[in-house]
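This report covers salt bridges, annotated positions and strand pairing. Please keep the structure open while reading.

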Amino acid sequence: MPDLLIKSPDISDRIFSLEFARVTERAAVAAARLRGRGDEKAADKAAVDAMRRELNRLPIDGTIVIGEGERDEAPMLYIGEEVGLRGGPKIDIAVDPLEGTTLCAKDMPGSIAVLSMAPAGTLLNAADVYMQKIAIGPGYPEGVVDLDASPTDNIHALAKAKGVKPHEISVMIMDRDRHKDIIAECRKIGVAIRLITDGDVVGVIHTTEPEETGIDLYMGIGGAPEGVLAAGALRCVGGQMQGRLIFDTPAKIERAHKMGIADPNKKYTLNEMAAGDTIVSATGVTDGALLKGVKFGKEIIRTETIIFRSATGTVRKIQAEHRKLDKFDSE
C-alpha cells in the first residue's frame, strides 16, 4: 500500500480516485475472463469476489449502501456489508460489480464494472428494488424534466430548452414490456429511440455527452443500485435526474420502513441520491460506446476506466496496461 495513501486517508485526496479505479479494473478483468461463456452467475461471482478483495485492501471504513443482495445471499456484496481496512474515513459505497451480466455472458457490447463512493450518509440507502428514473445531461435550467410528467410533456419541454423540434430529441429506453406504453408515446411524437437490453448505468451516463452519444434523455424503470450509481456520475458533470423507488408489495414496503424510508413514494432529486464529494469509477468489461472492454494479450492486460469526481467536476479516462499476469488475480 502506498505510504501517501496511508498517511492521508481522506476521500478528498486525488490519489483515492486511482485506488477506486483499481477496484473496478480488477472486477472487470475477473468478469472478462468469462466473457461469452454463457454463465451469468459465474461471471457475476468472479466480479464480486475481485471487487470485495480490492475494497478490503483500501484504508477506508466503508459500508455498502447500495448492493446486489442481502446478508444471506453471499457472495454478493450485500447492503450493510462493511469493507475496507477500517480506521480510515467513513464512506458510503454503491456497487454493481458486473452491470450487464447477460451482455458479458453473451459477449455483447456495454458490460461494465462500476462503483460509487461518497462520505458516509450522502448516498441513498435503499433496498435492492426497482426505480423509476428520468435523466438529462448538463446545460439545462433546473426542472426542465419531471418524473411525474408524461413522456410527451418532458420531450416537448426538453426540446424547447435545447432549441430544437421535439422530433429531434433522442431518447434511450430499456427494451422491456413494462416500457411499451412509453415507447409507443415516444414513437407518436416521432423522436428517435435507442433501445438497450441491459445496462442502465451506462444508459444514464450517455446523456452526459449528447453530441458524442446522440442521447438527450433517459427514462424508464431499472434497478435502484444502477440509479444511485448513475446519479453519482451525473452529479459530477452537472446533469439532472429524478428517481422513485418502487415498493410494489407489502413486504417491500415494510422493508423500506425498516431501512428508514418514511415515504415509499418519495421522488428523489439528484442531490438526494448522491450528495457530498462523490467519485464514480467504471471499467469496461466488453466493448461499448462508453468504454472499451478488457483486452488480453500474451504479456499485458489492457483496461479502460472512466472516473467522475463531483468535487472538481472532472471526468478522466484511464487506459491501463497490467503486467505480472500470473499475480494479477491474487496480488
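A salt bridge here is a side-chain nitrogen of Lys or Arg within 4 Å of a carboxyl oxygen of Asp or Glu. The model is predicted. By this rule the count comes to 20 salt bridges.

**Salt bridges**

Three of these pairs are set out below.

| Pair | N to O distance | Relative accessible area |
|---|---|---|
| E272 and K266 | 3.1 Å | E272 36%; K266 29% |
| K90 and D61 | 2.8 Å | K90 58%; D61 13% |
| D146 and K267 | 3.1 Å | D146 25%; K267 27% |

Take the pair of E272 and K266. Their side chains meet in a salt bridge, with N and O 3.1 Å apart. E272 is partly exposed, at 36% relative accessibility. K266 is partly exposed as well, at 29%.

Elsewhere, salt bridges that share partners build a network. Its members are R22, R26, R53, E54 and R57.

Next come K90 and D61. A salt bridge of 2.8 Å, N to O, links their side chains. K90 belongs to strand β3 (residues 90-99) and D61 to strand β1 (residues 61-66), so the bridge ties together parts 29 residues apart in sequence. Is K90 buried or exposed? K90 is exposed, because its relative accessible area of 58% is over 50%. D61 is buried, because its value of 13% is under 20%.

The third pair is D146 and K267. Their closest N and O atoms are 3.1 Å apart. D146 sits in the loop between β5 (130-136) and α5 (151-162), and K267 in the loop between α10 (250-258) and β10 (268-269), so this salt bridge ties together parts 121 residues apart in sequence. D146 is partly exposed, with a relative accessible area of 25%. K267 is partly exposed too, at 27%.

**Around E272**

E272 deserves a second look. This residue lies in helix α11 (residues 270-273). Which residues does E272 contact, leaving aside its neighbours within four places in sequence? They are L124, K266 and K267. With K266, the side chain of E272 also makes a polar contact of 3.1 Å. The E272 side chain reaches a backbone atom as well: the nitrogen of T269, at 2.9 Å. A113 lies 159 residues from E272 in sequence, and their C-alpha atoms are 24 Å apart.

**Annotated positions**

An unreviewed UniProt entry carries the annotation "binding site". It covers E99, G100, T101, Y130, R176, D177, R178, D198, G199, D200 and G223. Of these residues, D198 and G199 are included in the lining of the second largest pocket.

Where does D198 lie? D198 is placed in the loop between β7 (192-196) and α7 (200-205). Neighbours within four places in sequence aside, D198 contacts G100, T102, L103, M174 and R176. Two of these contacts, G100 and R176, are also covered by the annotation. The side chains of D198 and R176 are joined by a polar contact of 3.4 Å.

G223 is another annotated position. This glycine is found in strand β8 (residues 217-223). G223 is buried, with a relative accessible area of 15%. Not counting residues up to four places away in sequence, G223 touches V129, Y130, M131, K133 and D200. Y130 and D200, among these, carry the annotation too.

**Strand β9 and its partners**

Six of the seven residues of strand β9 (residues 240-246) are buried, so β9 is largely enclosed by the rest of the structure. How do β5 and β9 pair, and over how many bridges? The pairing is antiparallel, over seven bridges. Within it, I134 stands opposite Q242 in β9.

β9 also pairs with β10. These strands run antiparallel and are joined by two bridges. Here Q242 stands opposite T269 in β10. Q242 therefore faces I134 in one pairing and T269 in the other. T269 is also the residue whose backbone nitrogen the side chain of E272 reaches, at 2.9 Å.

Definitions and conventions:
Residues numbered from 1 in each chain as written. Predicted model: local features only at pLDDT ≥ 70, side-chain atom pairs only at ≥ 80, totals over all residues. Heavy atoms only, no water. Helix = DSSP H or I, 4+ residues; strand = E, 2+ residues; numbered from the N terminus. Buried < 20%, exposed > 50% of the residue type's maximum accessible area, 1.4 Å probe, protein only. UniProt positions renumbered as here; feature names shortened; annotations may be inferred. 1 Å grid on protein atoms, 1.4 Å probe; cavity = no way out; pocket = protein on both sides within 12 Å on 5 of 7 lines; lining within 4 Å. Contact = heavy atoms within 4.5 Å. Polar contact = N/O pair within 3.5 Å; in protein donor to acceptor, adjacent residues only side chain to side chain. Pairing = 2+ DSSP bridges.
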